[in-house]
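Good morning, colleagues. Please have the sequence and the model open as I go through it.

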Amino acid sequence: MKVLAIMGSPRRGKNNDTLLDHILKGIQSKEENVSIIRLNANDLNITPCTACDACSKRLGCIQKDGMADLIHSFNEANIILMTSPMYFNSITAQLKALIDRNQAVWSSKYALKHSLIDRYQRRIGYMICTAGAPEHPYGLDGVIPILDLFFKSINADYYGNFFVNNVDERPVYENEEILQKIYRAGQELVMAYHKG
Ligand SMILES: Cc1cc2nc3c(=O)[nH]c(=O)nc-3n(C[C@H](O)[C@H](O)[C@H](O)COP(=O)(O)O)c2cc1C
């Protein structure tokens, strides 16, 4: 099983990084043969889509910044984990930039009819999101539609979300209950993947 995990926070070792550690441990506890690619969106330096429309005329993106490798990794992955702190009720700019660059995938399918993504491979997608505020009137309203379209673009079933409020007051690394929950979420993902 191949897992691709993209950490959307610019901060290492904090909430999103910790949740990712624990969900990956949960996955590894249920799946013996697992290869994991774990990336920090902030380090990838993926630049925003410029809407040049080149991808609707020839396959892939003309910007040479590693997005092609990333699309290749999306294609290969069976489980795709995305994480982000909530920034202004949405995801971080780093994560949004790489999601927008999947326009090259949309174009490959719908303009060029030559998909960069193998549509017959099974993939499941999962979103982890943390928020500083104790209560969130809109919940994940700003996040879910973005991830929904993103997972559709790479032909992954959007399996679910893990949302944690109040992390500025009580970080997840001081919250054993949350850490156990996310570990179990990792185990459930493996079972869901095999169930089909
Ligand atoms: C630019 C910025 C915008 C933020 N916007 C929100 C917000 O809209 N709602 C909220 O609850 N927390 C907001 N926060 C707090 C972060 O969501 C919180 O600190 C984060 O989930 C921590 O994740 P990390 O430790 O993995 O970086 C914001 C923080 C920053 C830096």
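I begin with a definition: a residue counts as buried if 20 or more other C-beta atoms lie within 10 Å of its own, as exposed if 12 or fewer do, and as partly exposed in between, with C-beta atoms placed from the backbone. The model is predicted, so local features need pLDDT of at least 70 and side-chain atom pairs count only at pLDDT 80 or more, whereas totals for chains, interfaces and linings use all residues. Residues are numbered from 1 along each chain as its sequence is written.

Let us take helix α7, residues 176-195. Helices (H or I, at least four residues) and strands (E, at least two) are DSSP runs numbered from the N terminus. The 20 residues of α7 should span 28 Å at 1.5 Å a residue (1.5 Å times one less than the number of residues), and the end C-alpha atoms are 29 Å apart, which agrees. Its buried residues are Ile178, Ile182, Ala185, Gly186, Leu189, Val190 and Tyr193. Seen down the axis of α7, these fall within an arc of 135° (taken from the directions from the helix axis to the C-beta atoms), so they line one face of the helix. The face turned away from that buried side carries exposed residues, among them Glu176, Gln180 and Lys195.

I turn to Ser115, in the loop between α5 (103-110) and β4. Ser115 is partly exposed, with 15 other C-beta atoms within 10 Å. From Val105, Ser115 is ten residues away in sequence and 6.9 Å away in space, C-alpha to C-alpha.
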